[in-house]
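Reader: I am new to this structure and would like a close look at one single part of it, followed by whatever surrounds that part. Please go slowly and explain each term as it comes up.

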Amino acid sequence: MSPHVLILGGTAEARLLAAELAAGPGVRVTTSLAGRVSRPAPLAGDVRTGGFGGAEGLAGWLAERRVDAVVDATHPFAAGITAHAARAAAATGVPLVVLRRPGWQPGDGDRWHPVPSLAAAADALPGLGRRAFLTTGRLGLAAFAHLAGVHCVVRSVEPPAPPLPPHAEVLLARGPFTVADETALLRRHRIDVLVTKDSGGAATAAKLTAARTLGLPVIVVRRPPLPAGVAAVPDVAAVLARLGLTPPPPTR
């Protein structure tokens, strides 16, 4: 029987991995999406949408569907599903590979202010600016809903639900974004502080370059830690090697 790989998806890396697995011989791939985006990009292989019912529900699904390996390729801030995947894998003995794109690193000229959470970002924001560009995702905006003294320009793929900051201007857009576009946006809206999560990747990194060029402070929410005993690999090639579908790179 062909090996069955479950991808916990929602990221560009998950789409690429699904395509790589589906193109290879003898592998069945299923990608699970949380359903938070109404029109996700096309995916190779089978697709399911919605939750599993916690770690126990996921463990039951793995056993029922005879899954041979799980790849957690969710967003770096999807700590809940990562914890559930770790528990379900441990309970069933199904191998788990966590795919996490590397985080961003500050460079010369950056004015980064790392914080541990969205709540901490909201606390730090009034001391750094009065016109903020929020790129933290539509599901975390409640943390900023009490900031009456800050005008917030919010960018989201889909319309965010309340509560929102009282002075919020919503921009609906999906990356990737160019440095020129991000610089123009920051200037047009007279932004004096950027707030973002350390999502990593190139698709949304241009805003950091634009902020550096304009000398703006950047509040960067650090990633949540992985569950104890769980390590991550940085790219699709490393996942394929871990699954034994390609030879690992030579050691130096």
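**The largest cavity and its surroundings**

Author: The residues that line the largest cavity are T11, E13, A73, T74, P76, L99, R100 and R101. This is a predicted model, in which local features need pLDDT of at least 70 and side-chain atom pairs count only at pLDDT 80 or more, while totals for chains, interfaces and linings use all residues. Residues are numbered from 1 along each chain as its sequence is written, and side-chain values use heavy atoms, with hydrogens and water left out.

A cavity here is a set of points, on a 1 Å grid over the protein atoms alone, where a 1.4 Å probe fits but cannot get out, and a lining residue has an atom within 4 Å of such a point. The points are joined across faces, edges and corners, and the volume is the space filled by probe spheres set on them. A search of the whole structure finds one cavity of 30 Å³ or more, and the largest cavity holds about 40 Å³ of space.

One of the lining residues, E13, leads on to helix 1, where E13, A14, L17, A18 and L21 are buried, a word that stands for under 20% relative accessible area, with exposed meaning over 50% and partly exposed what falls in between (1.4 Å probe, protein chains only). These buried residues cover an arc of only 135° around the axis, which puts them on the same side of helix 1; the arc is that of the directions from the helix axis to the C-beta atoms. Helices (H or I, at least four residues) and strands (E, at least two) are DSSP runs, numbered from the N terminus. Helix 1 spans residues 12-23, twelve residues in all, and reaches 17 Å from its first C-alpha to its last, close to the 16 Å expected, where the expected span is 1.5 Å times one less than the number of residues.

The cover over the buried residues of helix 1 includes strand 1 (4-8), strand 2 (28-33), strand 4 (69-72), strand 5 (96-99) and helix 7 (236-242), with contact taken as heavy atoms within 4.5 Å.

Looking further out, one comes to the largest nonpolar core, whose 18 residues include A121, L125, L134, F144, V195 and I219, the ones that touch the most other members. Such a core is a set of buried Ala, Val, Leu, Ile, Met, Phe, Trp, Tyr and Cys residues joined through side-chain atoms within 4.5 Å. At least two residues of this core come from each of helix 4 (118-124), strand 7, strand 8, strand 10 and strand 11, and helix 4 gives the most, with three. Leaving aside residues up to four places away in sequence, A121 touches V115, F144, V195, I219 and V221. Apart from this core lies another, of 16 residues, and among them are I7, L17, A18 and V236, so that L17 and A18 bring us back to the buried residues of helix 1.

Returning to the neighbourhood of strand 4, one finds R66 in the loop between helix 2 (54-64) and that strand. R66 has a positive phi of about 55° although it is not a glycine, and at 61% relative accessibility R66 counts as exposed.

Notes. On a 1 Å grid over the protein atoms alone, a cavity is a set of points where a 1.4 Å probe fits but cannot get out, and a pocket is an open set with protein on both sides within 12 Å along at least five of seven lines; lining residues have an atom within 4 Å of a point.
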